[in-house]
Amino acid sequence: MEASSMPLLTASRLLSPPPPTLTCLQRTVSLVRAAAQTLEAPEAPKPLRPSPRRSAVAEVKASLDPVAALNRFEDVLQTQDCNIILRHCGDTRRWDDLSKVFEWMQEHEMTNAASYSSYFKYLGLSRDPARALQVYGAIQDHTMRVHVSVCNSVLGCLVKNGKFDSSFKLYDEMIREGLSPDPFTYSTLLSGCMKLKQGYTKAMGLINEMKSRGLQMDSVIYGTLLAICASHNYFEEAEVYFQKMKDEGHSPNLFHYSSLLNAYSENADYGKAEMLMKDLRNSGLTPNKVMLTTLLKVYSKSGIFEKAKELLTELEASGFAQDEMPYCILIDGLVKGGKIQEAKMIFNEMKDKGVKSDGYAFSIMISALHRGGHHQESKQLAKEFEDQNASYDLVMLNASLRTYCSTNDMESVMRMLKKMDELNISPDNITFNTLIRYFCNAKVYHLAYKTIEDMHAKGHQLNEELCSHVMIQLGKAGFPSEAFSVYNMLRYSKRTVRKSLHEKALGILVSAELLKDAYIVVKDNAEMISPSSLERFARSFMVSGNINLINDVMKALNRSGWRISQDIFGRAIQRYIRKPDKKHLLLCLLDWMTGQGYSVDSSSRNLLLRNAQLFGPKQLVAEILSKQQTASRSKTIGQRHN
């Protein structure tokens, strides 16, 4: 039964359709492919656990209290990790944290040259050169003090913040200690020469020193040198260095061309400027916005206004005139060329095109209209800017202030001063002098005086002519003490004042009978005061000045070379006789007169003899007078023989 059924089952399977399964061959192929894919595809990487140091750095970076975080990871972190944290504080402008992290690194002796170099770099960015000098000065390790990257960084900090004299002084100290400067050292110092008065001479000294050390000029140093020549108006020297740079195989870039073009702009040499632009294009370079704007300045300063207008149109077409600067250059050139109406046209075109002004163009036009006597138009423009803008800079404030003062608009003047306070803008010499003139014209001299006082307190240089006028007016208005204060501010303002100022001050003080102050003026400046003014002062002082100072006044007058008259001595003697308790002063005066070759006249002599008993033994005064006469006769005989 079982045996006979087997063929039927087999036949049944053969005749029925195969089930929906893979054949053995297909299954084998699939398995092979899967295995191959498994071998080819790498295993998914298992997530790496961050190292303890990396985790610590990340946590300190994110901490609001980096010092506390540093203390927690003190045993984990290394110096290079701390440098990463230090740079992070600098890059994120966390200046307080920057110094805290650096101080922690110093305390835990985890600093190296990179630490100091980074720290000084960020102190430069945070405008703290004083701190950089303090930290560098405290470095005890000699190797660290002369490490070139450390020195370059601290020098760069000083130069970046305008401490040029300090940077050169520190450099000299570094050289004495053994610094071996590299090209970057010289490049840093050279960049500081652009702002120095004798910057070109200083730069030449650095270049010679650099060459003596066997260091070669590179394109960066040549570029800086060209900029120095431009800033000091050495355009011929700039040409020489530009050519020398090319001869040495350095291909000039836009910065080099721009620096030389700046040199030409200072001399308004449009011919050479055009040749340079042609050379630039021939070299395959395309002038950028800065260069085209500089060329516009060359044309404007040269008075080539048609070319300037064409170039402005080119700048507009190139999208380089979206801010006010190109318009300002042309407007300023037209104003200085006396073409105010043309300047107004360009200014109005700028406004019509919707070019945003930060106030520079407005300030140029307001000042030009003011100088041209168009005060109302100038005032109207100032109000237009004020209505449209909330922000001001000092230039715009000064321009508006001048025009409001010229139209006697006190309300607007006060509004500008209030705006200056609100915006925390510090006044400059122009601001102060504008206000002083305004208060003088308004005859409110006490306000003019207060402004001078404030100006002097803030360290600004006083205008002698203007302050002298205020001093005289204060004297006339009955404010002699304030007038004397103005005189002293001028006198001690580290400048040589005109001789006439002393005489003016003396006249005010004598008229007001402020004779003690008048004596101060005479004592220090008698040789610059006329004899008539000295005579007037001396007479007044003998009558009502401090009796204890009479002898000092006589000596001061005599030192000046002025010969004291017998009338002045007579007035002093009369004053002493009325005060017998001052007999020692009288006797000192009489003795001094004898030594200086002076003698009293007959009237004073008789007065003294009649009152001799008031001054001790009668013969004492008589003996002194006798000596005077003898000395006087001897002097007269000597003069005759001569």
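**Asking why, one residue at a time**

Modeller: Let's start with a pair in this predicted model: Glu386 forms a salt bridge with Arg415, and their closest N and O atoms are 2.4 Å apart. Glu386 sits in helix α23 (residues 375–388) and Arg415 in helix α25 (residues 410–422), so this pair links distant parts of the chain, 29 residues apart.

Colleague: Why is the contact between Glu386 and Arg415 called a salt bridge?

Modeller: The name asks for a side-chain nitrogen of Lys or Arg within 4 Å of a carboxyl oxygen of Asp or Glu. Here the partners are a Glu and an Arg, and 2.4 Å is within 4 Å, so the name fits.

Colleague: And how do you know whether Glu386 is buried or exposed?

Modeller: Its relative accessible area is 13%. Buried means under 20%, so Glu386 counts as buried. Arg415 has 27%, which lies between 20% and 50%, so Arg415 is partly exposed.

Colleague: What makes Arg539 and Asp567 a salt bridge?

Modeller: Their side chains meet at 3.5 Å, N to O, and that is within 4 Å, so this pair qualifies too. Arg539 lies in helix α32 (residues 531–544) and Asp567 in helix α34 (residues 566–577), so the pair ties together parts that are 28 residues apart in sequence. Salt bridges with shared partners also join Glu535, Arg539, Asp567 and Arg571 into one network.

Colleague: Why do you call Arg539 and Asp567 partly exposed?

Modeller: Arg539 has a relative accessible area of 38%, and Asp567 has 36%. Both values fall between 20% and 50%, so "partly exposed" is the right term for each.

Colleague: How many salt bridges does the structure hold?

Modeller: There are 25. Another of them joins the side chains of Arg53 and Asp81, at 2.9 Å from N to O. Arg53 is in helix α3 (residues 52–62) and Asp81 in helix α5 (residues 79–91), 28 residues apart.

Colleague: Which term, buried or partly exposed, belongs to Arg53, and which to Asp81?

Modeller: Arg53 has 30%, between 20% and 50%, so Arg53 is partly exposed. Asp81 has 6%, under 20%, so Asp81 is buried.

Colleague: What is the relative accessibility of Ser115, and what does that make Ser115?

Modeller: The value is 0%, under the 20% cut-off, so Ser115 counts as buried. Ser115 lies in helix α7 (residues 113–125). Leaving aside residues up to four places away in sequence, Ser115 touches Thr79, Asn83, Leu86, Phe102, Met105 and Met110.

Colleague: How do you know that Thr434 touches Leu401?

Modeller: Contact means heavy atoms within 4.5 Å, so Thr434 and Leu401 have heavy atoms within that distance. Thr434 also touches Arg402 and Cys405, not counting residues up to four places away in sequence. Thr434 is in helix α26, and at 11% relative accessible area, under 20%, this residue is buried.

Colleague: What makes Glu109 worth a look in its backbone?

Modeller: Glu109 has a positive phi of about 50 degrees although it is not a glycine. Most residues other than glycine have a negative phi. Glu109 is in the loop between α6 (95–107) and α7, and its 73% is over 50%, so Glu109 counts as exposed.

Colleague: Where does Lys443 lie, and why is Lys443 called exposed?

Modeller: Lys443 lies in the loop between α26 and α27. Its relative accessible area is 62%, over the 50% cut-off, so Lys443 is exposed. Lys443 has a positive phi as well, of about 60 degrees, without being a glycine.

Colleague: Which residues lie nearest the centre of the largest pocket?

Modeller: They are Leu417, Pro427, Phe432, Leu435 and Asp454, out of 14 lining residues. The pocket has a volume of about 230 Å³. By class, its lining has 8 nonpolar, 2 polar and 4 charged residues. Helices α25, α26 (429–441) and α27 (445–457) each supply at least two of the lining residues.

Colleague: And how many helices and strands does the whole chain have?

Modeller: It has 37 helices and 0 strands. Of its 642 residues, 43% count as buried.

Technical notes: Residues numbered from 1 in each chain as written. Predicted model: local features only at pLDDT ≥ 70, side-chain atom pairs only at ≥ 80, totals over all residues. Heavy atoms only, no water. Helix = DSSP H or I, 4+ residues; strand = E, 2+ residues; numbered from the N terminus. Buried < 20%, exposed > 50% of the residue type's maximum accessible area, 1.4 Å probe, protein only. 1 Å grid on protein atoms, 1.4 Å probe; cavity = no way out; pocket = protein on both sides within 12 Å on 5 of 7 lines; lining within 4 Å. Points joined across faces, edges and corners; volume = space filled by probe spheres on them. Nonpolar A, V, L, I, M, F, W, Y, C, P; charged D, E, K, R; others polar.
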